[in-house]
Amino acid sequence: MTSPFTLTTWLAGLEAPQLGRVLALRNDISAPPEPHSLEELAVRLLRPGSVALALPQLPLPCLQVAEVLAALGTPLPRDVLARTLGVTAPAATRELDAVLGTLADHGLVWPDGDGKLHLAAPLRQAWDAPLGLDAPLEVLLEGMTSEELRRLLVTLGIKPPGTRQQRTAALREHHRDPERIASVVAKAPSCARELLEHRARSAPQHTEFIVFGAPQADSRQGERWALDRGLLVRNRHGYGPARMPVEVALALRGPDWHAPFEPVPPAAELVAVAAGQVELETAAAATAFAAHTASVLSVCSSAPPARLKSGGVGARELGRIRKAAQAEDVVVRIVLETAYSVGLLARDGHRVAPTEKYDAWAAQEPAAQFATLLQAWWNLPLTPSQARDEDDKALPALAGAPPCDGCLQARNGLLTAAARLPEGLGVRVATDLGPLVEWHRPLAHPTVQDESPFATAVREAELLGVIARGSLSPLGAALLASNAEELAAECRRLLPEATSTARFGSDLTAVVSGTPAARLAELLDRTADRETSGTASVWRFSTSSIRQALDAGLTPDEVSAELAAIAEGPLPQPLSYLIADTARRHGRVRVAPAACVIHGDEPSLLAELAAHRGLNSLGLRQLAPTVLVSAGTPDQTLAALRNQGYGPVAEAVDGTVRIEKVPPRRVTAVPSPRKSSAKAGPGLPAHQAAEASTTVDTRALAALLLNAPPTAPDPDPLGTGVPFGTDTEEIVAGYAKQLTYADVRQLSHALDAGTAIRVEYVAASGSRTVRTLSRLALDPPYLEAWCHLREAERVFTLSRVHGVMPV
């Protein structure tokens, strides 16, 4: 008997370049191992987490072939795989070989010396029912007794062998012959035949719970006939739905049925595109986005946006930033999310403000600024411009969405699809790349707001210059190659340097071509209102904008001097007149801080009060011969004046004298002690109850307290530090800060027991809903569950769960 062919055996036969390719495609394995550690490498390659990392990177035909191998079981002869996929033509055969080569490069499928294909065991768990098929017959027969196998064989007209193993082999051999299965089904009653044909083409039904009690009765006519012949199998106790073995389902689907196999990406309408046109459009898009980025972050620097109580920056603040920066909503969202991810923005209490890192970033050239945010966009585990959730409610920016690997794969698939287009060609419309993304990355996640496949990802890529003229730009090629140096070089080549001067017009405008330098943009934002932003930015001066600069502490001479320093020529006369006219009217009315006013008819008396040293604590200031203002409250001022021997009176709002009436002070009456009750208190005799009102026997009281039964509720570990009941309680309590200890215990019990629960949930949009959840899975800081409100799998943030109720 030969030893089984394993992944270690296959790896040992690879040459160094092939082994290096397998390691390079697995992100979790960095360096090639020594020859003696091949077994350890095989164990690492077969980890479920490692397989899960490789799956999202595979195109559609790879997943289709892997699904067939998972459904039919391995080792599987290659000709059986080809026949199941309907691969007969030479071209299709070559394409199948290429797909198997890709799966082998990822260490997911490997051939042995006999030409049979082996599948990584964790990959079988990627599908609940691959190809809509259930488990093989051998698996379904595991709990069946030898006597039950004998009855099945007798019913099929097969002489049963002696041992259970031989009987299993005989039944398996019978079911592997499609013609024999078809012959048996042809003799079946019409109800059984219809049932079997329907089950062969529908996905199996899996039960989530075990129901105790009587075994399940045959729910449909003809099911008993199929069970007696092994065409359907129920577990040995008779619980759960009847299951159809893979061999039976494939036989009933017929020889004309083939598993789906699409080795060629869908066709798209292509047009010729010159490399120069791609670079021009890329440079224009990147320059415009860099300018918008500077303006958005400049607005956030001057007036940091406020955060919602539920988290994130809401629609009102986004609208304010959009208007001030003259940028689209999608651009504002991308800038905020990317800047936040690289630490240019951070939470500051109830606001989101620039950090010290922002100052260093703002001092860089536009190319370096843009490269930083472009790399951040490429690595964002979310879709930054997504503005609506699955319930079509507005989503705030910076809401802390759960990490989404499918969003990363959407961007990766988009650039991969564009890179695979023939050289010199691009799609006529950029959104035509969406179907290609579905083929290159079938596990990628489109957003709910997409009107066409991956329209949001395409729009973001166009705004950033990653996709231009329906093809991959030099910036996109550098991102796809994960080459940071090449990306920085392309940004320097395509983006102009920052502009440090502005052209001032007699129409009170300032025009800046390209991306304005940080100092230039900050100065113009302080003294003028931005009208447009992009490849050329325009600011307009007005009385209100100049007044705003003066309010911020600049003098008229400083405004004129700083504007003259950035002007390409002398300041226009209308602007100089505007500054002078605004400065002349600025400060004609002054507002002084005061808590109360002191006035009288004698100027000398008021002057005496202002100069009195004993009243220095009031901060008295003389505004007129008969008017003083005080920093103290009216009551404090009255008391201070009276302490110095003056006789002031209080005045009401309407100017009349306010008479102060002080109510007489009284002491609250203390109730007299209660008389002794005729009834004895709990635990005390009747004759002792009367004495308890006047005399306390400490020894008797201590004994009574020690002997009292424990009636207090369980201690709250959130407040006392007492250990939690289970590890699940401790994990849930660490993240679900809004829940009481009772709610934490209830939710933890539902997780441990696998029962349904009802929660009160506050979404990222701020809406509050009550949802019934089942099939709970804890993935801190998130809770994965089946949402009965949406009838779909959903991911919930534990910190947004505000209440728990039983179902």
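Helices and strands are here DSSP runs, numbered from the N terminus, and these labels help to show which parts of the chain surround each pocket. The model is a predicted one, and two of its pockets are described in turn.

The largest pocket has a volume of about 1800 Å³. Its lining is made up of 48 residues, and those closest to the centre are Pro402, Pro403, Cys404, His445 and Val795. Several elements each contribute at least two residues to this lining: the helices α17 (329–341) and α20 (405–419), together with the strands β20 (768–779), β21 (782–787) and β22 (792–797). Of these contributions, the largest share belongs to β22, with 5 residues. Sorted by class, the lining of the largest pocket holds 26 nonpolar, 9 polar and 13 charged residues.

Attention now turns to the second largest pocket, whose volume is about 1000 Å³. Here 27 residues form the lining, and Leu72, Val80, Arg176, Glu247 and Leu250 lie nearest the centre. Two or more lining residues come from each of the helices α5 (60–72), α6 (78–85), α8 (137–140), α10 (164–175), α11 (178–186) and α14 (246–253). Among the elements lining the second largest pocket, α14 gives the largest share, 4 residues. The classes in this second lining are 14 nonpolar, 6 polar and 7 charged residues.

A reader following along in the structure may like to begin with β22, the source of the largest share of the lining in the largest pocket, and then find α14, which has that role in the second largest pocket.

How values were computed. Residues numbered from 1 in each chain as written. Predicted model: local features only at pLDDT ≥ 70, side-chain atom pairs only at ≥ 80, totals over all residues. Heavy atoms only, no water. 1 Å grid on protein atoms, 1.4 Å probe; cavity = no way out; pocket = protein on both sides within 12 Å on 5 of 7 lines; lining within 4 Å. Points joined across faces, edges and corners; volume = space filled by probe spheres on them. Nonpolar A, V, L, I, M, F, W, Y, C, P; charged D, E, K, R; others polar.
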